[in-house]
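Dear colleague,

I am passing on the structure below, together with some notes on what I found when going through it. Please read them with the coordinates open beside you.

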Amino acid sequence: MEYELKVLKINDNKIKQLNELSLYTVKDLILHYPYRYEEMLETPLHDETKVIIEGKLIDEPKVFFKGRLSRLTFHIDYHGETLTITLFNRHFLKKNMHVGMKLTIVGKYNEARKSITASEVKLKGLEEISGITPVYSLKEGLTQKNFQGYVNKALSFYKGHIGNSIPDYLCQKYHLVDRQEALFKVHQPQTRSDVISALRYLKYEEFFKFQMTMQYIKQNRTQNIGISKLIDKEQINKFIQKLPFQLTEDQQKVVDDILIDLSSQKLMYRFVQGDVGSGKTVVAAISLYANYLAGYQGAMMAPTEILALQHYQSLKKLFKKTKVNIALLTGHLSLKEKNEIYQQLEQGKIDIIVGTHALFQDKVQYNQLGLVITDEQHRFGVEQRKALKNKGNKVDFLVMTATPIPRTLAISLYGDMDVSTIKTMPNGRKKVITRFVKGISMKPILKDLKDYLASGGQCYVVCPLVSESEAIEGRNASDISKAMASYFKGQYEVGLVHGQMNDEEKNQVMDAFKENKIQVLVSTTVIEVGVDVSNANMMVIYNAERFGLSQLHQLRGRVGRSKEQGYCYLLSQANNSEQKERLEFLENHHDGFEVSEYDLKIRGPGDLLGQKQSGVPTFMIGDIFKDYHILEITRKDAYEALNQHQDDEKIQKMLVEIKNNLTKNNAYID
Ligand SMILES: Nc1ncnc2c1ncn2[C@@H]1O[C@H](COP(=O)(O)OP(=O)(O)OP(=O)(O)O)[C@@H](O)[C@H]1O
């Protein structure tokens with residue numbers, strides 16, 4: 001039962017302010033947890049630090065005014081020592097202060113002057129006010145004291161009616177306090193250990209519910225009847241044998257997983273993560289081929305047009321000796337060409353279509369869509385899943401990502417998907433020799449670059465900016481490309497590609513680079529994902545400190561993608577030790593998983609997973625990295641709960657709630 005805030009007799013004005021914080025019900029108030037706590041505990045006196053002490057007032061406070069500003073000064077006895085206390089703009093306290101009373105002082109201590117510049121003076125002894133006070137995130141108009149009052153009312157309102165949502169056997173196993181106690185303690189803690197035990201329960205509860213939701217979706221999907229596709233093992237093996245290389249062990253394993261998924265009754269919903277250059281494209285190709293042999297159309301969606309074109313070209317090459325009909329749908333086709341593609345898709349004449357999001361517009365109708373592959377770095381949002389659902393009856397779904405995250409974390413976060421990982425690199429692949437070069441000039445590496453170009457290789461030069469910017473300092477691609485073009489005039493061609501160019505211009509330059517008509521490609525990070533030019537094995541990155549580590553790893557993954565030795569120079573003025581350390585880390589580490597783990601530690605999940613990504617869940621109280629072990633434990637517990645304790649009353653109740661939520665949010669796609 002939900003009760004509106006009115007029942008707490010809060011006035012309308014304040015209710016409006018609470019509504020602005022998205023708090024509408026009594027329950028909302030209780031679930032608005034403090035974001036930090038303030039502790040009133042005595043501290044020792046250390047010079048120039050914040051101190052909290054108790055003392056006895058030994059003289060009449062004096063007040064000085066300067067305009068409207070005031071200064072209150074008095075002395076206290078602190079363990080036999082006299083300290084001078086100054087407090088600004090609180091002159092009104094004087095009337096309630098009398099010699100001999102106990103005071104609590106919070107402020108900054110100055111050893112030489114034996115004085116404290118106070119930020120707060122409480123007219124009570126420390127014992128009376130010591131303890132721990134919650135601090136809430138609030139909007140203007142509401143004070144901490146107001147809010148604390150409302151929460152207290154809300155807690156009293158529900159007292160005795162707050163039931164546990166976590167089953168008893170789990171509470172006992174982890175010695176969790178019960179829900180009511182946790183909620184009281186999180187808002188009204190007496191001690192630090194109250195906060196700890198409250199947070200233990202609440203974090204566990206939050207993650208457990210999340211994991212139950214994930215498992216529930218997964219189980220329901222499993223029960224969902226997809227199309228069991230006929231897998232032509234013989235033809236598929238022939239195709240694999242004709243590839244110009246042998247599949248790595250991990251590639252083969254992922255292919256096997258996918259073939260099982262395709263042939264099974266359940267819909268495939270698989271997440272494949274592989275390090276840069278680990279060979280995900282060929283895995284996609286084999287999956288599309290298997291799907292084609294079973295009589296279905298396949299769609300491959302790329303995040304950008306450059307990549308769509310590249311995938312199209314790679315697939316075209318791989319399917320050269322087959323009868324597969326592949327088409328590319330891009331924004332640049334004429335209306336006539338587009339219409340032709342729409343028609344052929346609908347008639348089933350196109351077997352595999354490659355493109356960007358355009359593949360899922362309303363106009364695009366498929367004849368018999370069986371498999372969708374997307375290589376976006378994040379997972380499909382609900383909207384896209386819905387669009388997809390409309391395109392085919394029962395479509396298998398594969399997501400590929402080149403941002404590796406630790407496997408266990410992937411499983412926890414993408415618990416509703418099956419996760420496969422490609423870790424092994426193709427045979428003969430050499431580590432990219434990575435060098436951190438201090439400075440912003442190419443000079444120290446010019447000789448290496450010239451030698452390398454003379455040997456027939458091609459080079460990428462990456463800059464953080466497109467053109468000169470007043471706001472941000474950094475080398476810009478336009479100027480660098482001009483300078484390099486004039487330096488190499490008559491010897492080598494220099495090209496420029498950046499995000500502000502239109503797709504056609506970008507494609508032209510990329511094609512010229514692929515065909516070795518351009519030897520030096522100056523670019524921004526548009527080449528970050530997916531670009532595959534095997535003759536280009538040297539990369540120079542300007543202002544490397546401006547990029548995230550995972551991003552640098554992605555960029556460097558453009559070189560050394562064949563048996564050739566790759567080189568990556570990280571030019572940076574990195575002054576502070578943290579920046580230097582990060583770049584040096586890349587010199588010595590080549591495994592994307594290690595890089596992302598390190599990146600996670602120092603930069604947090606936002607940078608790695610992308611702050612705004614639709615699919616990454618956010619939590620109110622749990623922190624997926626700091627509380628990772630709880631996330632992990634709850635995954636196992638949720639699995640067990642659904643499989644071994646489905647009769648538990650609390651589990652059943654939670655499932656009803658989950659189902660309602662999923663339906664309400666329209667997130668339940670079958
Ligand atoms: N088993 C293999 N043996 C040798 N070379 C391979 C193998 N698999 C793929 N390759 C080659 O490795 C290169 C990189 O493969 P691919 O483009 O599929 O990588 P990717 O995983 O998609 O990388 P990125 O995330 O950088 O796009 C390609 O040139 C491809 O032909």
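Which residues in H18 are buried? They are Leu549, Ser550, Gln551, Leu552, His553, Gln554, Leu555 and Arg556. Since eight of the eight residues of helix H18 (residues 549-556) are buried, this helix is largely enclosed by the rest of the structure. Please bear in mind throughout that this is a predicted model.

As for the protein in general, there are 23 helices and 21 strands, and buried residues make up 39% of its 670 residues. Among the contacts with a separation of 6 or more, 70% are accounted for by residues 24 or more positions apart.

Two sheets deserve a description, and I begin with the one that has seven strands. This open sheet runs in the order E11-E12-E10-E13-E14-E9-E15, and its pairing is parallel. Strand E11 (326-329) and strand E15 (418-422) stand at its edges and have a single partner strand each, so one side of each is left without a neighbour in the sheet. On average, and with direction ignored, neighbouring strands of this sheet are turned by 20° against each other.

Within that sheet, strand E13 is the one I would look at with some care. Six of the six residues of E13 are buried, and therefore the strand is largely enclosed by the rest of the structure. Strand E10 (residues 297-301) pairs with E13 in the parallel sense over five bridges, and here alanine 299 has valine 372 in E13 as its bridge partner. Strand E13 (residues 369-374) also pairs with strand E14 (residues 396-401), again in the parallel sense, over four bridges. In this second pairing, leucine 371 stands opposite aspartate 396 in E14, while the bridge partner of threonine 374 is valine 399, also in E14. Helix H9 (residues 249-263) lies across strand E9 (269-274), E14 and E15, and the helix runs at about 155° to E15.

The other sheet is an open one of six strands, in the order E16-E21-E20-E17-E19-E18, with parallel pairing. Its edges are formed by strand E16 (433-438) and strand E18 (494-497), each of which has a single partner strand, so one side of each is left without a neighbour in the sheet. For neighbouring strands of this sheet, the average turn against each other is 20°, direction ignored. Strand E17 (residues 458-462) and strand E19 (residues 520-523) run parallel and are joined by four bridges, with valine 520 in E19 as the bridge partner of cysteine 459. Helix H19 (residues 577-588) packs on the sheet, where it touches E16 and strand E21 (567-572), and its direction makes about 155° with that of E16.

Turning to the ligand, where does it lie with respect to the domains? Domain 2 (233-264 + 279-401) and domain 3 (433-589) both give residues to the shell around the ligand, so the ligand lies between them. There are 20 residues around the ligand, of which Phe245, Gly279, Thr281, Ala402 and Pro426 come nearest. Helix H10 (residues 280-293) supplies the largest share of this shell, namely three residues. By class, the shell is made up of six nonpolar, 11 polar and three charged residues.

Finally, two asparagines may be worth checking in the backbone. Asparagine 516, although it is not a glycine, has a positive phi of about 65°, and its place is in the loop between helix H17 (503-514) and E19. Asparagine 543 is likewise not a glycine and has a positive phi, of about 45°; this residue is placed in the loop between strand E20 (536-541) and H18.

Are these two asparagines buried or exposed? Asparagine 516 has 14 C-beta neighbours inside 10 Å and therefore counts as partly exposed, whereas asparagine 543, with 21 C-beta neighbours inside 10 Å, counts as buried. The cut-off behind this reasoning is that a residue is buried if 20 or more other C-beta atoms lie within 10 Å of its own, and exposed if 12 or fewer do, with partly exposed in between.

With best wishes

Definitions and conventions. Residues numbered from 1 in each chain as written. Predicted model: local features only at pLDDT ≥ 70, side-chain atom pairs only at ≥ 80, totals over all residues. Pairing = 2+ DSSP bridges. Axes fitted to C-alpha atoms, helices over the stretch in contact; angles between N-to-C directions. Contact = placed C-beta atoms within 7 Å. Near = placed C-beta within 6 Å. Nonpolar A, V, L, I, M, F, W, Y, C, P; charged D, E, K, R; others polar. Domains from an automatic or database assignment.
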